[in-house]
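User: Please take a close look at one helix of this model and at the parts around it. I should like a connected account of which side chains are hidden, what they pack against and how charged groups pair.

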Amino acid sequence: MDKKSLKLLRKRDSACWHCGVDDDTLVPHHRSNRGMGGSPSRDTLANVILVCSRYNGLMESDSFWAARAREQGHKLLSWQSPAESPCFDVVSGVWFRLGVDGTKIDLEDV
């Protein structure tokens with residue numbers, strides 16, 4: 001991600017979507033994987049969320065956590081559109097739609 005997008009991401013996501021931690025363990029996570037050396041076109045703000053490094057590792061290495069992350073929109077299948085697939089904030093209990101411009105729309109308000 002470029003510096004401008006990373007700044008917008010950190011403004012939108014001030015804490016981990018899974019546990020709410022807001023420390024220096026937060027890392028950008030691609031909801032729809034870029035793959036090995038994948039396309040930077042997947043670096044959109046609708047596709048990237050901040051999560052703690054612990055949760056990021058669990059999603060990538062444990063099938064239980066990967067399945068749960070897919071249920072919550074934290075991980076997407078290749079055919080799913082990040083801009084159209086809602087993402088669940090576990091801490092607040094709210095579903096959001098993430099815009100490519102860095103917006104975060106509460107689906108209860110729609």
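Analyst: The account below takes helix α2 as its centre and then turns to its surroundings.

This is a predicted model, in which local features need pLDDT of at least 70 and side-chain atom pairs count only at pLDDT 80 or more, while totals for chains, interfaces and linings use all residues. Residues are numbered from 1 along each chain as its sequence is written, and side-chain values use heavy atoms, with hydrogens and water left out.

Helices (H or I, at least four residues) and strands (E, at least two) are DSSP runs, numbered from the N terminus. Helix α2 spans residues 53–61, and its buried residues are Tyr55, Asn56, Leu58 and Met59. Here buried means under 20% relative accessible area, exposed over 50%, and partly exposed in between, with a 1.4 Å probe and protein chains only. The four lie on the same side of α2, because they cover an arc of only 165° around the axis; the arc is that of the directions from the helix axis to the C-beta atoms. On the other side of the helix, Arg54 and Ser61 are exposed.

The buried residues of α2 pack against strands β1 (26–30) and β2 (48–52) and against helix α3 (63–71). Contact here means heavy atoms within 4.5 Å. With residues up to four places away in sequence not counted, Tyr55 touches His18, Trp65, Ala69, Gln72 and His74.

Tyr55 also belongs to the largest nonpolar core, which has 18 residues; Trp17, Ile49, Val51, Tyr55 and Leu98 touch the most other members. Such a core is a set of buried Ala, Val, Leu, Ile, Met, Phe, Trp, Tyr and Cys residues joined through side-chain atoms within 4.5 Å. At least two residues of this core come from each of β2, α2 and β4 (94–98), and β2 supplies the largest share, five residues.

Charged groups are the next topic. Side chains of opposite charge can pair when their charged atoms come close. A salt bridge is a side-chain nitrogen of Lys or Arg within 4 Å of a carboxyl oxygen of Asp or Glu, and the structure holds two of them. In one, Lys75 pairs with Glu60, the closest N and O atoms being 3.4 Å apart. Glu60 lies in α2 and Lys75 in the loop between α3 and β3 (87–89), so this pair ties together parts that are 15 residues apart in sequence. Lys75 counts as buried at 8% relative accessibility, whereas Glu60, at 44%, counts as partly exposed. In the other salt bridge, Asp13 pairs with Arg12, with the closest N and O atoms 2.8 Å apart; both residues are buried.

Arg12 leads to helix α1 (residues 3–12), where Ser5, Leu9 and Arg12 are buried. Seen down the axis of α1, these residues fall within an arc of 65°, so they line one face of the helix. The face turned away from that side carries the exposed residues Lys3, Lys4, Lys7 and Lys11. The buried residues of α1 pack against β1, β2, β4 and β5 (104–106), so β1 and β2 are partners of the buried residues of both α1 and α2.

Cysteine pairing completes the picture. With a disulfide taken as a pair of cysteine sulfur atoms within 2.5 Å, the count comes to zero. The sulfur of Cys52 is 3.8 Å from the closest cysteine sulfur, in Cys19, which is too far for a bond; Cys52 is buried, with a relative accessible area of 8%.
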